[in-house]
Amino acid sequence: MTRVWPLPELQYRPLTDIDEPRDVALVYSRAAWDAVASQLTSLRVAWSAEPGAAIETEWRRLADECEGEVVVSVGGGLATDAAKYIASTRGLPLVCIPTALSVDAFFTWASGVRRDGCVHYIPTKPPDRVVVDFEVIRGAPPSVRAAGIGDVLSIATGSWDWRYAHERGLNPEDAPYDSSADRIAATLLAAALECADAAGAGDEEGLRRLIDCLALEVQLCNLLGHSRPEEGSEHYFAYSAESILGHGLPHGDLVGPGILIMAGVQGQDTRPLRDALVACHTPLDTIPPDVLERTLRGLPEYCRRHELPHGIAHDVTHEMGRRGLDCL
Ligand SMILES: [Zn+2]
């Protein structure tokens with residue numbers, strides 16, 4: 001049997017209108033909860049937790065402790081991934097309330113956990129419902145408000161890697177190159193570049209189009225059964241940089257620089273990508289220069305050690321790395 005995961009139901013509505021009669025197990029990040037708690041006073045919170053890290057043993061403990069009839073997450077990637085884990089472990093329905101469009105995790109069926117210095121995706125479940133209040137998103141800190149655009153712009157480098165591996169016969173059997181899917185992904189990339197200014201400005205139409213792009217990117221990967229069109233060397237760079245830093249940064253802070261550096265390594269024109277990231281206020285300077293250098297130097301070995309699908313990151317030389325850094 002081949003199973004294709006669905007997207008969550010999406011509701012665009014003011015958070016004050018949420019009508020949730022069930023007892024809620026709330027999974028949140030502090031800043032997000034503080035921003036919207038006054039609009040969610042109707043929720044009957046039976047239990048709540050703020051996950052501290054993307055570590056499976058911690059999430060399992062939360063799943064054991066959790067009480068309620070529905071899991072509700074309020075926050076970004078970490079809260080969402082933990083909530084997906086808890087809901088799937090306990091067989092509970094899941095409602096996600098993003099306070100910023102910071103990642104594609106609101107639409108995916110897997111949760112990223114940190115293990116041995118890399119990110120592993122474990123199957124959990126897609127949220128049953130995602131509730132978006134554009135007023136709330138508009139009010140989010142600009143650096144995370146539309147940072148999820150990185151998970152669509154990563155098509156530029158991820159798809160390049162997919163073709164690169166194909167030309168060398170290095171794609172695994174379960175992720176063969178598919179030129180039609182590649183063209184669909186390219187169209188989504190173009191749509192993301194087009195909406196970047198409006199989404200970055202917090203304009204509702206732009207934010208909505210960014211959601212379209214994220215949802216379609218996730219659905220394309222769901223249909224293919226893998227993430228090759230949107231996940232490649234830019235994400236490997238992000239995972240490796242995070243392991244060197246020893247602590248997390250917002251996903252966009254890691255993937256954004258990863259896209260520009262890796263697109264530069266690949267010899268692509270990075271200007272449209274840079275313009276879109278800047279328009280969406282993605283911080284491009286939070287990774288210290290020495291960590292950038294170390295990440296690039298160790299990247300081929302890192303990719304092999306973690307058996308990541310083949311991309312330019314496996315073959316980056318000192319010279320290529322310099323070219324990439326010049327594009328940041
Ligand atoms: Zn990502």
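## An open parallel sheet and a two-domain chain

Let's start with the sheet: six strands, paired in parallel, make an open sheet in the order β1-β8-β5-β4-β2-β3. β1 (9–12) and β3 (44–49) stand at the edges with a single partner strand each, so one side of each has no neighbour in the sheet. On average, neighbouring strands of this sheet are turned by 25° against each other, direction ignored. Strands count as paired if DSSP finds at least two bridges between them; helices (H or I, at least four residues) and strands (E, at least two) are DSSP runs, numbered from the N terminus.

A word on the model: it is predicted, with local features needing pLDDT of at least 70 and side-chain atom pairs counting only at pLDDT 80 or more, while totals for chains, interfaces and linings use all residues. Residues are numbered from 1 along each chain as its sequence is written.

Within the sheet, β2 and β4 pair in the parallel sense over five bridges, and Y28 has V74 in β4 as its bridge partner. Helix α3 lies across β2, β4 and β5, running at about 170° to β4 (axes are lines fitted to C-alpha atoms, for helices over the stretch in contact, with angles from 0 to 180 degrees between N-to-C directions).

| Element | Residues |
|---|---|
| Strand β2 | residues 23–28 |
| Strand β4 | residues 70–74 |
| Strand β5 | residues 94–97 |
| Helix α3 | residues 77–90 |

Zooming out, the domain assignment, automatic or from a database, gives domain 1 (9–140) and domain 2 (149–326). Their centres, taken over C-alpha atoms, are 25 Å apart. The contact (C-beta atoms, placed from the backbone, within 7 Å) takes 14 residues from domain 1 and 16 residues from domain 2.

Definitions and conventions. Contact = placed C-beta atoms within 7 Å.
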